[in-house]
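Me: I'd like a close look at one part of this molecule, and then a walk outwards from there. Here is what I am looking at.
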Amino acid sequence: MQQMTLGGSSIGSEWQSPSDLDWPLGSSREAARKRLDGFIANAGRAYQTHRNADRGEGRHVNVSVLSPYLRHRMIEETEVLEAVLAEHAESAAFKFVQEVFWRGYWKGWLEHRSLLWPEYQRQLPQCLSHTQQDKWAGDLYERAVSGATDIPLFNEWCLELKQTGYLHNHARMWFASIWIFTLRLPWQLGADFFVRHLLDGDPASNTLGWRWVAGLHTQGKTYLATAKNIRTCAEDRLIGRSDQELGLNRLVSKAHQVQEYLPAKALQKTEIQWPKPEQCEGDGYRCNRGKTALLVTEEDLTWYPDNVDVLSVAALSASPRSVLAPASDLVQGFVHGALVDALGRAGAHYGKTEEAAQTVAVAPKPLEETELVSFFVAQQIDQVVCAYAPIGPARLRLELLGEQLAAKGIELRFCMRDYDRMIWPHATKGFFQLGKRIPEFLRTMNFVQ
Ligand SMILES: Cc1cc2nc3c(=O)[nH]c(=O)nc-3n(C[C@H](O)[C@H](O)[C@H](O)COP(=O)(O)OP(=O)(O)OC[C@H]3O[C@@H](n4cnc5c(N)ncnc54)[C@H](O)[C@@H]3O)c2cc1C
């Protein structure tokens, strides 16, 4: 294997070709598969050794950059895990596998606290106006989101985020830490800024990632960015620049205690209304109840049930990610493109035979709620099946859509992925509780012996 040299420094002889990173990221399943195929060889020990390095814009070859695809399930966690474990021993791929389970952990954890995210959203406008009322804080907020603070490295991350829709995990942690502890801005506004600009912007991973940095997830355990840990992990991109030039001399050396503004009720555990499994045969439940349509949402772009006769396919348009402002053009373009791609794939999946191609109706584009109701009514649909949407804006819209459809005599039914059903019950406490079961999960999925 060759020694790869990028930007003047080596990232180790165990690396396979890092040339598969295409920026901006393509928003199709084909692009997701290409990204996975290009990364698999590096998901073992090489990932374990080099994953912490933030190499800078467009050079994140040491991590998978699969998050935008996993976020919208343009590629499934199970698919990624299976591909990686087919190439690497469990022990060699352990770190990467664990990271993939972190996503499921945050999703499950938020699902067990269904009031947290809506309450955070409800408080956001007030949080913004409160910040803007204070001249100093309002000005600082504007400079922070424009990449114009007096911490040049923070500004670089801000611009990278806006330009590419991606930041390395450590850059996210440092950015959030500086935002909260050095700039003393509310974590709520930082999380909102992130979710509007990250291609992978996710109500669970993002909201809870920010709360984790702030010390609100694990009580009293804050994450403090220091010049030392930034230099250790971002060494490559910082070479030749002093702490003063980067603004690292301005970072605080102590984290203050962040106040919890969410009411106790929003933090309380709630029951998950477990819907039917993804393949619902065998439990006495009849899947075919008259004419069935599939509804695709941005929460799961690869769910095509084969135990129902799908006669129509439609997609719910992209949901607003924030109550404060629209997502960036980059994010909007990515999600819309992903929905269009999924609609096309679902149409092709159910219209495989010549006969089916004649009978399966596919909506021409992602639709708003009222358009969806009209579409399903026109198709004389009895039930609409949809992959379970976890906590977030799409879920809220689906709940209302369910009522609108019910008023027309159409049932909206959700089915849950086996993967979520398997791991979410273990996502109620810290990650450790879930993490220790990973070998068991992998055996259950038959990915290891
Ligand atoms: C403040 C903050 C905000 C974040 N916001 C998001 C977000 O909105 N959406 C999002 O997907 N991730 C978020 N993360 C988690 C993590 O930073 C990204 O998932 C990761 O950097 C994505 O890059 P990658 O695909 O190259 O990761 P890799 O290192 O290649 O990891 C593989 C996959 O594992 C999952 N993963 C890895 N680390 C984490 C993690 N800490 N938490 C959850 N899943 C993880 C992702 O799906 C990722 O694609 C956030 C982290 C922090 C600290």
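How many of the residues of helix α10 (residues 187-197) are buried?

Reply: Happy to help. This is a predicted model, in which local features need a pLDDT of at least 70 and side-chain atom pairs count only at pLDDT 80 or more, while totals for chains, interfaces and linings use all residues. Residues are numbered from 1 along each chain as its sequence is written.

In helix α10, 11 of its 11 residues are buried, so the helix is mostly covered. A residue counts as buried with 20 or more other C-beta atoms within 10 Å of its own, as exposed with 12 or fewer, and as partly exposed in between, with C-beta atoms placed from the backbone. The buried set in α10 includes W187, L189, F193, F194 and V195, and also D192, R196 and H197. Helices here are DSSP runs of H or I of at least four residues, strands are runs of E of at least two, and both are numbered from the N terminus. The cover over the buried residues of α10 includes α6 (116-133), α7 (135-146), α8 (152-164), α9, α11 and α16. Contact means C-beta atoms, placed from the backbone, within 7 Å of each other.

Just before this helix comes R184, in the loop between α9 and α10. R184 is not a glycine, yet has a positive phi of about 55°. Most residues other than glycine have a negative phi. Because 13 other C-beta atoms lie within 10 Å, R184 is partly exposed. R73 also has a positive phi, of about 50°, without being a glycine. R73 sits in the loop between α3 and α4 (77-87), and counts as buried because it has 23 C-beta neighbours inside 10 Å.

Two of the helices that cover α10 lead on to the nonpolar core. Such a core is a set of buried Ala, Val, Leu, Ile, Met, Phe, Trp, Tyr and Cys residues joined through C-beta atoms within 7 Å. The largest one has 122 residues, and F175, I178, A293, V296, V313, A315 and V384 touch the most other members. Helix α16 (residues 329-350) supplies the largest share of this core, 10 residues. I178 touches I151, F154, L183, A225 and L251, leaving aside residues up to four places away in sequence.

Now for the wider layout. The chain is divided into domain 1 (5-111 + 425-444), domain 2 (116-267) and domain 3 (276-416), with bounds from an automatic or database domain assignment. Taken over C-alpha atoms, the centres of domain 1 and domain 2 are 23 Å apart. Their contact takes 24 residues from domain 1 and 20 from domain 2. On the domain 1 side, α3 and α5 are the elements that give two or more residues, and α5 gives the most, with 5 residues. That side divides into 10 nonpolar, 8 polar and 6 charged residues. In this count Ala, Val, Leu, Ile, Met, Phe, Trp, Tyr, Cys and Pro are nonpolar, Asp, Glu, Lys and Arg are charged, and the others, Gly among them, are polar.

Domains 1 and 2 both give residues to the shell around the ligand, so the ligand lies between them. The shell holds 28 residues, and the closest are V63, S64, S67, N206 and G209; a residue belongs if its C-beta atom, placed from the backbone, lies within 6 Å of the ligand. The elements that give two or more residues to this shell are α3 (67-71), α5 (94-111), α9 (169-182) and α11 (203-214). By class, the shell has 13 nonpolar, 8 polar and 7 charged residues.

The last residue of domain 2, L267, is in helix α15 (residues 264-267). L267 is partly exposed, because it has 13 other C-beta atoms within 10 Å. L267 touches R113, L116 and L262, not counting residues up to four places away in sequence. From C-alpha to C-alpha, L267 is 9.5 Å from H112, although 155 residues separate the two in sequence.

Finally, there is an open sheet of 6 strands in the order β3-β8-β7-β4-β5-β6, with parallel pairing. Strands pair if DSSP finds at least two bridges between them. The edge strands, which pair on one side only, are β3 (276-277) and β6 (361-362). β3 runs parallel to strand β8 (residues 411-416), joined by 2 bridges, and K276 stands opposite C415 in β8. Strand β7 (residues 383-387) pairs with β8 in the parallel sense over 5 bridges, with C386 opposite F414 in β8.

Definitions and conventions
Contact = placed C-beta atoms within 7 Å.
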